[in-house]
Amino acid sequence: MINLFEYKNAHPFPASKTDDLEIFLDDIWAKREKSGYYYNEEDNRIEQQRFIQFLHKTKSLKSNKYVGVIHFEGETINLLPKIFYDSKEPSVSDVNAMNKHILWWLSYCRKLKFPNYLSGLNSEKADFFEILIYLFSKYTRELLNSSIFQKYTEVNEELSFIKGRLDVNSYINNNLSRGRNHKVSCQFDSFQMDNEFNRGVKFVSKLLLSVTKENQSRRFLSDILFILDEVKDVSISSSQMKRMAFNPMFSDFETIRYKSSLGVFTKQIN
């Protein structure tokens, strides 16, 4: 485990892995969410990652102004706030305590939709990623137990009666020409739970279930998958999740959408 504090200490890193790590971080930087609130115009124009500095002469890494965790080829790199910097190397429990502080601060940020569940976490769940998974799984399970997001989705289906619009081309080619004139190809809007949002939540839940080691998070994620059992299994990208929008009546689901986009993004990290 490598612990780097903002603009403070440097840590040795194998030269053989440096190029791969740079490519990995450049890819994450390119896919980051771009916003004038978090980044200025200069940051948005830069294509090379700014998370850490690569000191090639000394074969070491140094943190910039970003805080978080990087998982790369079995190596964990903690980017920690400089306010916690001490000349001695922090222990695992010290890092866990710092991560809990970071996530507690985030719970008070209006621009980030983090439900304030951190006070209910045990010390065993202090790993940064495990806390994020716990927050997602607990909030999503509680919301889905009370309401499931449904929306009108266009459906193409063969029926014994006309519903919605008649798909003339499909009816002639697939039904009438094959002696199945009793079946009518229709297009209609149906109020369904099998929609893009629920498919994304199911995809992220399966992804997180495969990486989490916490029993409580695994139970929450299994409950989510049980609730969304009728939803199709498809892959959803982070950009797809970010494009989804909800009206004010479904503002609670916006929190799930935001955290799901983070969950999809962690696929690049784990």
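# Sheets, helices and two buried residues in a predicted model

Me: In this predicted model, in what order do the 3 strands of the open sheet with mixed pairing stand?
Reply: The sheet is open and is built from 3 strands, with mixed pairing. From one strand to the next, the twist averages 20°. The order of the strands is β1-β6-β5.

Me: Why is one side of β1 and of β5 left without a neighbour in the sheet?
Reply: The strands β1 (2-5) and β5 (68-72) have one side without a neighbour because each stands at an edge. An edge strand here has a single partner strand.

Me: Which residue in β6 stands opposite H71?
Reply: Strands of a sheet pair through backbone hydrogen bonds, in either a parallel or an antiparallel sense. For β5 and β6 (residues 75-80) the sense is antiparallel, over 5 bridges. Opposite H71, in β6, stands T76.

Me: What angle does the direction of helix α3 make with that of β6?
Reply: Helix α3 comprises residues 92-106 and packs on the sheet. Its contacts there are with β1 and β6. The direction of α3 makes with that of β6 an angle of about 55°.

Me: Which strands stand at the edges of the open sheet with the order β7-β9-β8?
Reply: This open sheet has 3 strands, and the pairing is antiparallel. Each edge strand has a single partner strand, so one side of it lacks a neighbour in the sheet. The edge strands are β7 (151-159) and β8 (165-166).

Me: How many bridges join β7 to β9?
Reply: β7 and β9 run antiparallel. One pair of residues standing opposite each other is N156 and Q187, the latter in β9. The number of bridges joining β7 to β9 is 9.

Me: Which residue in β9 is the bridge partner of L166?
Reply: β8 and β9 (residues 184-192) pair in the antiparallel sense over 2 bridges. The partner of L166 in β9 is C186.

Me: Which strands does helix α5 touch?
Reply: Helix α5, residues 168-175, packs on the sheet. Its direction makes about 125° with that of β9. The strands touched by α5 are β7, β8 and β9.

Me: Is D194 buried or exposed?
Reply: D194 lies in the loop between β9 and α6 (196-209). A residue counts as buried under 20% relative accessible area. The value for D194 is 15%, so D194 is buried.

Me: With which side chain does the side chain of D194 make a polar contact?
Reply: Leaving out residues up to four places away in sequence, D194 touches T153, R199, E230, V231 and K232. A polar atom of the D194 side chain lies 3.3 Å from the backbone nitrogen of K232. The side-chain polar contact, at 2.8 Å, is with R199.

Me: Are α4 and α7 roughly parallel or oblique to each other?
Reply: Helix α4 (residues 128-146) and helix α7 (residues 215-227) pack at about 40°, with their axes 9 Å apart. The residues that meet include F136 and L144 in α4, and F220 and I224 in α7. Angles under 35 degrees would count as roughly parallel. The helices α4 and α7 are therefore oblique.

Me: How are α6 and α7 oriented, roughly parallel or roughly antiparallel?
Reply: These helices pack at about 150°, with their axes 9 Å apart. An angle over 145 degrees counts as roughly antiparallel. That makes the orientation of α6 to α7 roughly antiparallel.

Me: What is the hand of the crossing in which α6 passes α7?
Reply: Residues making the contact include V201 and L208 of α6, and L221 and L225 of α7. The crossing of α6 and α7 is left-handed.

Me: What separation do the C-alpha atoms of L21 and F72 have?
Reply: L21 belongs to helix α1 (residues 15-30) and, at 0% relative accessibility, counts as buried. Beyond its neighbours within four places in sequence, L21 is in contact with F13, I52, F54, L61, F72 and I77. L21 and F72 are 51 residues apart along the chain, and their C-alpha atoms are separated by 7.3 Å.

Me: What percentage of the residues of the protein chain count as buried?
Reply: The chain has 9 helices and 9 strands. Of its 270 residues, the share that counts as buried is 44%.

Conventions. Residues numbered from 1 in each chain as written. Predicted model: local features only at pLDDT ≥ 70, side-chain atom pairs only at ≥ 80, totals over all residues. Heavy atoms only, no water. Pairing = 2+ DSSP bridges. Helix = DSSP H or I, 4+ residues; strand = E, 2+ residues; numbered from the N terminus. Axes fitted to C-alpha atoms, helices over the stretch in contact; angles between N-to-C directions. Contact = heavy atoms within 4.5 Å. Buried < 20%, exposed > 50% of the residue type's maximum accessible area, 1.4 Å probe, protein only. Polar contact = N/O pair within 3.5 Å; in protein donor to acceptor, adjacent residues only side chain to side chain. Parallel < 35°, antiparallel > 145°, perpendicular 65-115°, else oblique. Left-handed = near helix turned anticlockwise from the far one by under 90°.
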